[in-house]
Amino acid sequence: MPDQPADRRPPTDPARPGAPDAGAPERRDFIREIVAADIAAGRVAVPVTRFPPEPNGYLHIGHAKSICLNFGIAAEFGGRCHLRFDDTNPVKEEQEYIDAIVEDVRWLGFDWGEHLYHASDYFEQLYAWAIHLIERGLAYVDDQSPDEIRETRGTLTEPGRESAWRNRPAAESLDLFARMRAGEFPNGARVLRAKIDMASPNLNLRDPVLYRIVHASHPRTGDAWCIYPTYDFAHGQSDAIEGVTHSICTLEFENHRPLYDWLVEHLPVSHVPHQYEFARLNLTHTVLSKRVLLRLVREGHVRGWDDPRMPTISGLRRRGFPAEGIRDFAAMIGVAKTDSVIEVGQLEFAVRAVLNRTAPRRFGVLDPLKVVITNWPEGRVETMEVVNNPEDPAAGTRSVAFGRDLWIEREDFMEAPPPKFFRLAPGREVRLRNAYFITCDEVVRDATGAIAELRCTYDPATRGGDAPDGRRPKSTLHWVSAAHAVPAEVRLYDHLFSSPIPGATGADAFEDLNPASETIIRGAMLEATLAETPVGQTVQFERLGYFVRDPDSRPGMPVFNRTLTLRDTWAKVQARG
RNA sequence: UGGCGCGUGGCUCAACGGUAGAGCACCUGACUCUGGAUCAGGGGGUUCCAGGUUCGAAUCCUGGCGCGCCAGCCA
């Protein structure tokens, strides 16, 4: 898969933002403060966290926030972070997702060492603990149907009603539970429920379901089981088994914490973990819900989970976003309990900051307009030494061919330029970056009257881009030698959704899909070195933006995805009119 | 309507009883062989509201208001 060496920098690197910085005033979120306090008070010696994805979809930028939080805390406080698959619902989970999750967390730059776990590793133990509860009168097998259970749960304001089976003898529940495991009953026939309080104002405590019958084969345990623990019965106990000290999850689990604590308290666990909740990430102009992302894929609004428009980790990677930029973004936005929506611009800022520092500069023309240099000898070719990255002298230089026929960007020429347009126009001189000054003498039109080519003259004294007399053109254009150009397909991307908060008006979010989220350009002309750029490598096309080589590239026809444009103040001026 | 949680510039977060700050965004200027980058400066806040405690409240208390989550055998 695409990868960039810079992304392999371990997240614990103290030079990175987000890592503890000796000397600087400590700025930490409320969770890090809790961890620090627990360590200071001796409640915790080695903090242990975990990232617990359910393999029912691909990871997205919201998960990246959680991954950075959990692995970040472990690294900063000398603890460890486990990768644990929360695989308790075989009807939704697939091996493909497991593999993708492993790859994505690694790509983000994190390492769980030996600590790869699955809730399914604990099925036998969880089963034994279920029996433990039954024996103590703390759980019972309920014969009610799903509908009956719903009807007797009560409402937000009314208490529920106890099941007729709630007080059946433990021995009977034990027998039934064993027969549930043995496969004697169909899906939905019976469940195991905790016996807590049907009148609790917290609905999660109204005799929550602990086990349900699901005749489905599991990606890891196959057909060994036909009963599966619910999230509530698996999560806290898995944390206990693994010695997790700080079980960090999102706000919607806050209401589950009393149940989490109840289970851990009533089970003979050797370690008591604690749950803390933070606000999940929301981003403008996209959607971060596995359900909706799955729909985008299934309904074909995008080409797959890794479509460059998707906010998935794999989509961002294919889009050319470096892992480091994603980590920096996570550090920048912080962690709190306030529901929030972050402007995508903030993510883009973090990504541009990394790319500006690391992306090699190249020339690429997206919408080519032919320029013929009339005073340049036919057939003559010169080689220009061009700097690879002005931000990084160590990146060196490369050779780029220059000749009589060139391609420039069509939008870099205007026959009747408005006042603040600095680029090429009839009679005007501009600089071709790292090459020569040229002056436009003549506009050649085709039969339809459209501009077909520009006839220009160059100044031989300006080789390399400087004039001996010190004159300075108001603008510098990128260019590609027509004789050496590599034709390419370039895919331009924009926000997947037009509105900042898709579906906010109450309408279906899909109504807000941006029809222009992808624009495919087939006639782009790139400098020759771009033919060898590896898939996954992000470069900067000077003056245009960052572009990454896509795996769809074919021999002789590279495909590049636009990661992001450069900051463009001219566009801003134009937009203002 | 019950429970839990949350309200600080446009956005995200700090300030932990002692003059409300930062990053992003926005605007100006400088510089520049990317209209990029960089640098310098600027505008913008009755800290949801109302009472109270205190010499002093974004912070503590009370009461409102607003928003989010919860009635899956999803996680």
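Start with the contacts across the whole of chain A: of those with a separation of 6 or more, 71% join residues 24 or more positions apart. Keep in mind as you look around that this is a predicted model.

**Stop 1: the whole chain**

Select chain A and colour it by secondary structure. You should find 13 helices and 25 strands. Now turn the chain slowly. Its C-alpha atoms fill a box of roughly 100 × 55 × 45 Å along the principal axes. If you colour by accessible area instead, 54% of the 577 residues of chain A count as buried.

**Stop 2: around the RNA**

Next, select RNA strand B together with the residues around it. There are 69 of these residues, and E33, R361, R431, G464 and Q540 come nearest. Which parts of RNA strand B account for 63% of its atoms within 4 Å of the protein? The sugar and phosphate do.

Colour these surroundings by residue type. The surface near RNA strand B is made of 27 charged, 21 polar and 21 nonpolar residues.

Now zoom in on three places, each showing another part of the strand:

- Y231: one of its backbone N or O atoms is 2.9 Å from a phosphate oxygen of RNA strand B.
- R431: here a polar side-chain atom lies 2.5 Å from a sugar or linking oxygen of RNA strand B.
- Q346: an N or O atom of its side chain is 3.4 Å from a base nitrogen of RNA strand B.

Zoom out a little and highlight α5 (146-151), β6 (209-213), α11 (323-333), α12 (344-358) and α13 (569-576); these are the elements that give two or more residues to the surface near RNA strand B. Which of them gives the largest share? It is α13, with 4 residues.

**Stop 3: R206**

Move on to R206, in the loop between β5 (191-194) and β6. Show its side chain and look for a partner of opposite charge. R206 is buried but has no salt bridge, and the nearest side chain of opposite charge, that of E158, is 7.3 Å away. A salt bridge would need a side-chain nitrogen of Lys or Arg within 4 Å of a carboxyl oxygen of Asp or Glu.

What does the side chain of R206 have beside it, then? One polar atom lies 2.7 Å from the backbone oxygen of T155. The backbone oxygen of M198 is also there, 3.5 Å from a polar atom of the R206 side chain. Beyond four places in sequence, the residues that R206 touches include R153, G154, P159, G160, R193 and D197.

**Stop 4: F110**

Select F110, in the loop between α3 (95-107) and β3 (116-118). Is F110 buried or exposed? F110 counts as buried because its relative accessible area is 6%, and the cut-off for buried is under 20%. Add A75 to your selection: F110 and A75 are 35 residues apart in sequence, yet their C-alpha atoms are 9.8 Å apart in space.

**Stop 5: D494**

Finish in the loop between β21 (486-493) and β22 (518-526), where you will find D494. With a relative accessible area of 36%, D494 is partly exposed. Leaving out neighbours within four places in sequence, show its contacts: R309, N514, A516 and S517. Then measure from D494 to L316, C-alpha to C-alpha. The two are 13 Å apart in space and 178 residues apart in sequence.

Note on methods. Residues are numbered from 1 along each chain as its sequence is written. Chains are lettered from A and ligands numbered from 1 in the order in which they are written. This is a predicted model: local features need pLDDT of at least 70, side-chain atom pairs count only at pLDDT 80 or more; totals for chains, interfaces and linings use all residues. Side-chain values use heavy atoms; hydrogens and water are left out. A residue is near a molecule or strand if one of its heavy atoms lies within 4 Å of it. A polar contact is a pair of N or O atoms within 3.5 Å; within protein, one must be able to donate a hydrogen and the other to accept it, and residues adjacent in sequence count only if both atoms are side-chain atoms. Ala, Val, Leu, Ile, Met, Phe, Trp, Tyr, Cys and Pro count as nonpolar, Asp, Glu, Lys and Arg as charged, and the others, Gly among them, as polar. Buried means under 20% relative accessible area, exposed over 50%, partly exposed in between (1.4 Å probe, protein chains only). Lys and Arg count as positive and Asp and Glu as negative; His and the chain ends are not counted. Contact means heavy atoms within 4.5 Å.
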